[in-house]
Amino acid sequence: GTGKGTTCAKLMEALAPNVASWSNGNVFRSVTMLACRWCDVHNGGVFDADKVLTKDNIASFVGMLEFGKFDGKFDIQIRGLGVDALVSSIQNT
């Protein structure tokens, strides 16, 4: 293994506990989930790219994410559109 996962794990091991890594996949999935919630709340559960994927909506969804230390661990908190959760607690649901 010489991929990014191995590199990241080795850096985290060497620099712990003062380092954290973020999955851009988790950020993308969080924004996607918020877009789906927006459709539920504002468009009767129907996906319409022209309505939901506006510049303002995407900026709003990103604004509902907070990167920080929660319960002693670095995580992403999602707050908005009826969601109040840490990504680590819902990422595999």
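1. Salt bridges. In this predicted model, the structure holds two salt bridges. In general terms, side chains of opposite charge can pair when their charged atoms come close. One of the two salt bridges is formed by Arg37 and Asp40, whose closest N and O atoms are 3.5 Å apart. Both Arg37 and Asp40 belong to helix H2. They are three residues apart, which is about one turn of the helix.

2. Packing of two helices. Two packed helices are described by the angle between their axes and the distance between the axes. Helix H2 spans residues 24-42 and helix H4 spans residues 55-63. Their axes lie 9 Å apart and make an angle of about 120°. An angle of this kind falls outside the ranges that count as roughly parallel, roughly perpendicular or roughly antiparallel, and H2 and H4 are therefore oblique to each other. The crossing of the two helices is right-handed.

3. Residues between the helices. On the side of H2, the contact involves Val31, Leu34, Ala35 and Trp38. These residues meet Asn57, Phe61 and Val62 of H4. Of the residues in the contact of H2 with H4, six are nonpolar, one is polar and none is charged.

4. The sheet. Strands of a sheet pair through backbone hydrogen bonds, either parallel or antiparallel. Here the three strands make an open sheet in the order E1-E2-E3, and the pairing is antiparallel. E1 and E3 stand at the edges with a single partner strand each, so one side of each is left without a neighbour in the sheet. From one strand to the next, the twist averages 25°. Helix H2 packs on this sheet and touches E1, E2 and E3. The direction of H2 makes about 15° with that of E2.

5. Strands E1 and E2. Strand E1 covers residues 65-70 and strand E2 covers residues 73-80; six bridges join them in the antiparallel sense. Several partners can be followed along this pair. Phe67 has Ile76 in E2 as its bridge partner, Lys69 has Phe74 in E2, and Phe70 stands opposite Lys73 in E2. The two strands form a hairpin with two residues between them. In the turn, Asp71 has a positive phi of about 50°.

6. Strands E2 and E3. Strand E3, residues 83-86, pairs with E2 in the antiparallel sense over four bridges. Within this pairing, Ile78 has Ala85 in E3 as its bridge partner. The hairpin of E2 and E3 also has two residues between the strands. In this hairpin, Leu81 takes a positive phi near 55°.

7. Arg79. This residue lies in strand E2. Which residues does Arg79 contact, leaving aside its neighbours within four places in sequence? They are Met64 and Asp84. The chain also brings Arg79 and Leu65 together in space: they are 14 residues apart along the chain, and their C-alpha atoms are separated by 6.5 Å.

Key: Residues numbered from 1 in each chain as written. Predicted model: local features only at pLDDT ≥ 70, side-chain atom pairs only at ≥ 80, totals over all residues. Heavy atoms only, no water. Pairing = 2+ DSSP bridges. Axes fitted to C-alpha atoms, helices over the stretch in contact; angles between N-to-C directions. Parallel < 35°, antiparallel > 145°, perpendicular 65-115°, else oblique. Left-handed = near helix turned anticlockwise from the far one by under 90°. Contact = heavy atoms within 4.5 Å. Nonpolar A, V, L, I, M, F, W, Y, C, P; charged D, E, K, R; others polar. Salt bridge = Lys/Arg side-chain N within 4 Å of Asp/Glu carboxyl O.
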